[in-house]
Amino acid sequence: SARGSYVAVQGPPGTGKTHVGSHAVKALLERGWSVGVTAQSHAVVENFLGKLVSIGVPKKQVLKAEKRGKDAPERPWATVSDAKPYIGLPGHVVGGTAWTFAHEDVQEFDLLVIDEAGQFSLAHTLAAAAMARTVLLLGDPLQLPQVNKGTHPQPIGEAALSWLAADEPVLRADRGFFLDTSWRMHSALTEAVSTLSYAGELGAKEDVTDARRLDGVEPGLHPWPVSHTGNAVSSPEEAAAVVEIIQSLLGRTWSTGPDDPGRPLEPSDVIVVAPYNAQVATVREALDAAGLEGTTVGTVDKFQGREAAVAILTMAASSPQEVPRGLDFLLNRNRLNVSISRGQWAAYLVHSPALADALPTSPEDLPMIGAFLRLVHR
């Protein structure tokens, strides 16, 4: 393709963004392309490299620089002390952060893949892509925003994919591709997420997603109101509700498809997402006290890319007045999207009913509060 061109792919939760990207890269490597893979973190880069090897790219052609200690774990890719000399080698892929590629020693190469490009700033994109002939942006601007914001004048500090999306819920056809089918969530849960974030354009691969079964539990999103007062960042009342929900699910038959006879649902089949570390600690204590050590709880940042049979989101704050970091953090549509979309069969939204009484303080608050109201009054 022409030098200086790019392809953007918006992949909502469970749509197989890494699957699509890795198969495209494999095909190009077989044609002798030289490829770089970068992202906001080493973990995201390594996930992509591991996927390449798992689909049949020879290990010796997948490289990443690493300072190896004697106790270093065995990696599925080839580790080198310095990756820069390998960038531009036909049929090879090199992984690294932006700094790997934004270096004067780097030779021209065919393709730079930016994974989770909804978290990767334009400044880093321009720096890393200086010697790349083409760029593939993979991600979703409607999932978690970039972790650290630069102090550059706009739009250079904005995420590359967000800039391309230009505040539209779905990437315009002239700017890239929208992967419109989730393989993770039951169609009822996909519909809730699609309405929340994707203007109704996300569907489910129903022959896969709807062939699963959790006996006696309706699929989809379940609002779970819990009245409490005076709580800002942690709520014992909501932690107790989380325990109650999990105990009501345990032992029910969970089947992953028509050929799976199923097994009893276990604590590890549920993940709990909380907006604040204080609520993570409160829920962890309640789970452990109830013998539910197998259930993982964390903030949403911990769970991007993860999935479980059931996801439970606990909002913690009693009322809009109690919210410490502002409603635009607690009711942030991207965070709600990622939290709810961890579930394969169902998601529970544990919240104080008073949160729905939030009054907008600016016109920008209206869509955010409206989106939350649509979730809790489903």
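Lys and Arg count as positive here and Asp and Glu as negative, while His and the chain ends are left out. Keep that in mind for the first exercise, and remember that the model is a predicted one.

**Exercise 1: Charges**

Work out how many positive and negative side chains the chain has, and how far apart the centres of the two sets lie.

*Solution.* Start with Lys and Arg, the positive kind: the chain has 32 positive side chains. Next come Asp and Glu, the negative kind, with 42 side chains. Finally, take the centre of each set; the two centres lie 7 Å apart.

**Exercise 2: Overall shape**

Find out whether the radius of gyration of the chain agrees with or departs from that of a compact globule.

*Solution.* Step one is the expected value: with 378 residues, a compact globule would come out near 21 Å. Step two is the chain itself, which has 22 Å, so the two agree. To get a feel for the extent, look at the C-alpha trace, which spans about 60 × 50 × 40 Å along its principal axes. Then check the inside: 53% of the 378 residues count as buried. On the outside, the accessible surface comes to about 16500 Å², and carbon and sulfur atoms make up 53% of it. Last, try the contacts with a separation of 6 or more: residues 24 or more positions apart account for 73% of them.

**Exercise 3: The parallel sheet**

List the order of the eight strands in the open parallel sheet, and say which strands stand at the edges.

*Solution.* First, the inventory: the chain has twelve helices and 18 strands. Eight of these strands line up as S4-S3-S5-S2-S6-S7-S1-S8, with parallel pairing. Now go to the ends of that order. Strand S4 (78-80) and strand S8 (177-178) each have a single partner strand, so one side of each has no neighbour in the sheet. At the S4 end, strand S3 (residues 62-65) pairs with S4 over three bridges, and Lys 64 stands opposite Thr 79 in S4.

**Exercise 4: Strand S7**

Pick out the strands that pair with S7, and decide whether S7 is enclosed or open to the outside.

*Solution.* Take one partner at a time. Strand S1 (residues 5-10) runs parallel to S7 and is joined to it by six bridges; here Ala 8 stands opposite Leu 137. Strand S6 (residues 109-114) also pairs with S7 in the parallel sense, over five bridges. In S6, Ile 114 stands opposite Leu 137 too. For burial, count residues: seven of the eight in S7 are buried, so the strand is largely enclosed by the rest of the structure.

**Exercise 5: Leu 144**

Locate Leu 144 and decide whether it is buried or exposed.

*Solution.* Follow the chain past strand S7 (132-139): Leu 144 is in the loop between that strand and helix H5 (160-165). Buried means under 20% relative accessible area. Leu 144 has 5%, so it is buried. What touches it? Setting aside neighbours within four places in sequence, its contacts include Gly 118, Val 300 and Arg 335.

**Exercise 6: The antiparallel sheet**

Give the strand order of the three-stranded open sheet and name its edge strands.

*Solution.* The order is S11-S13-S14, with antiparallel pairing. Strand S11 (213-214) and strand S14 (263-264) are the edges, each pairing on one side only. Two bridges join S11 to strand S13 (residues 253-255), and Arg 213 has Ser 255 as its bridge partner.

Technical notes:
Residues are numbered from 1 along each chain as its sequence is written. This is a predicted model: local features need pLDDT of at least 70, side-chain atom pairs count only at pLDDT 80 or more; totals for chains, interfaces and linings use all residues. Side-chain values use heavy atoms; hydrogens and water are left out. Helices (H or I, at least four residues) and strands (E, at least two) are DSSP runs, numbered from the N terminus. The radius of gyration is taken over C-alpha atoms; the globule rule is 2.2 Å times the number of residues to the power 0.38. Buried means under 20% relative accessible area, exposed over 50%, partly exposed in between (1.4 Å probe, protein chains only). Contact means heavy atoms within 4.5 Å. Accessible areas come from the Shrake-Rupley method with a 1.4 Å probe; for residues, only the protein chains shown count as cover. The place of a charge is taken as NZ of Lys, CZ of Arg, CG of Asp or CD of Glu. Two strands pair if DSSP finds at least two bridges between them.
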